[in-house]
Amino acid sequence: MNRPIRDIEPLLDYTDIAKLAGISPGTVRAYRNSGYLPAPDVQTSPRRSRWKLSTVLAWLENRPGPGRPRPEVMERRRERAAQNACAESETLNDQGSHLIT
């Protein structure tokens with residue numbers, strides 16, 4: 001089935017995505033390696049990943065903003081902070097208990 005040329009979506013590489021997102025191509029690669037970027041729509045070779053424009057636009061609408069970590073990262077940070085607070089509280093209680101005699 002042949003589609004009219006106007007219906008064919010352009011395929012974007014790392015540099016194209018970086019320009020659309022306002023970030024560096026290295027950051028786009030890091031996003032891909034960490035799972036922030038969707039899987040490529042076309043993989044012609046291991047080093048030639050390409051994404052449809054519609055895929056990239058959908059990702060741009062839903063990606064975490066600059067400086068805003070993913071929700072699971074924030075949850076881990078909250079858990080660590082709570083654990084640290086408990087550990088500090090226990091340490092202070094242990095240190096203070098010998099003062100009461």
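Two elements are in contact when heavy atoms lie within 4.5 Å of each other. Keep that cut-off in mind as you work through these exercises on a predicted model.

**Exercise 1. Find your way along the chain**

Task: State how many helices and strands the protein has, and in what order they come.

Solution. Start with the count: the protein holds 4 helices and 3 strands. Next, walk from the N terminus, and you meet the elements as β-α-α-β-β-α-α. For a sense of how the chain is packed, note that buried residues account for 17% of the 101 residues. Finally, take the contacts between residues at least 6 apart in sequence: 46% of them join residues at least 24 apart.

**Exercise 2. Build the sheet**

Task: Work out the order of the strands in the sheet and say which strands lie at the edges.

Solution. Step one is to look at β2 (residues 42-45) and β3, which run antiparallel and are joined by 3 bridges. Among the facing residues, V42 stands opposite R50 of β3, and S45 has R48 in β3 as its bridge partner. With 2 residues between them, β2 and β3 make a hairpin.

Step two is to look at β1 and β3, which also pair in the antiparallel sense, over 2 bridges. Here L12 has W51 in β3 as its bridge partner.

Step three puts the pairings together: the 3 strands form an open sheet in the order β1-β3-β2. The edge strands are therefore β1 (11-12) and β2, since each pairs on one side only.

Now add a helix to your picture. Helix α3 lies across β1 and β3, and runs at about 75 degrees to β3.

**Exercise 3. Two faces of one strand**

Task: Decide which side chains of β3 are buried and which are not.

Solution. Begin with a general idea: in a regular strand, side chains alternate between the two faces of the sheet. Then apply the idea to β3: S49 and W51 point to one face and are buried, while R48, R50 and K52 point to the other and are not.

Zoom in on S49, which sits in strand β3. Its relative accessibility is 1%, and buried means under 20%, so S49 counts as buried. What does the side chain of S49 make polar contacts with? One polar contact, of 2.9 Å, joins S49 to the side chain of R32, and another, of 3.1 Å, reaches the side chain of Q43. Leaving aside neighbours within four places in sequence, S49 has contacts that include L12, D13, Y14, P40 and V42.

**Exercise 4. Classify the aromatic pairs**

Task: Classify the pair Y14 and W51, and then the pair Y31 and W59, as stacked, tilted or edge-to-face.

Solution. A pair of aromatic rings is described by the distance of the centres and the angle of the planes. The whole structure contains 3 aromatic pairs. In the pair of Y14 and W51, the ring centres are 5.2 Å apart and the planes stand at 70 degrees, so this pair is edge-to-face. The pair links distant parts of the chain: Y14 belongs to helix α1 (residues 14-21) and W51 to strand β3 (residues 48-52), 37 residues apart. Y14 and W51 are both buried.

Repeat the steps for Y31 and W59. The distance is 5.9 Å centre to centre, with 65 degrees between the planes, and this pair is edge-to-face too. Y31 lies in helix α2 (residues 25-34) and W59 in helix α3 (residues 53-62), so that distant parts of the chain, 28 residues apart, are linked. Both Y31 and W59 are buried.

**Exercise 5. Look around the rings**

Task: Name the aromatic cluster that contains Y31, and the residue that lies over the face of Y14.

Solution. First, follow Y31: together with Y36 and W59, Y31 forms one aromatic cluster. Then turn to Y14: R29 lies over the face of its ring, at 4.1 Å from the ring centre.

Notes. Residues numbered from 1 in each chain as written. Predicted model: local features only at pLDDT ≥ 70, side-chain atom pairs only at ≥ 80, totals over all residues. Heavy atoms only, no water. Phe/Tyr/Trp six-rings, centres within 6.5 Å; stacked < 30°, edge-to-face > 60°. Buried < 20%, exposed > 50% of the residue type's maximum accessible area, 1.4 Å probe, protein only. Lys NZ or Arg CZ within 6 Å of the ring centre and 35° of its normal. Axes fitted to C-alpha atoms, helices over the stretch in contact; angles between N-to-C directions. Polar contact = N/O pair within 3.5 Å; in protein donor to acceptor, adjacent residues only side chain to side chain.
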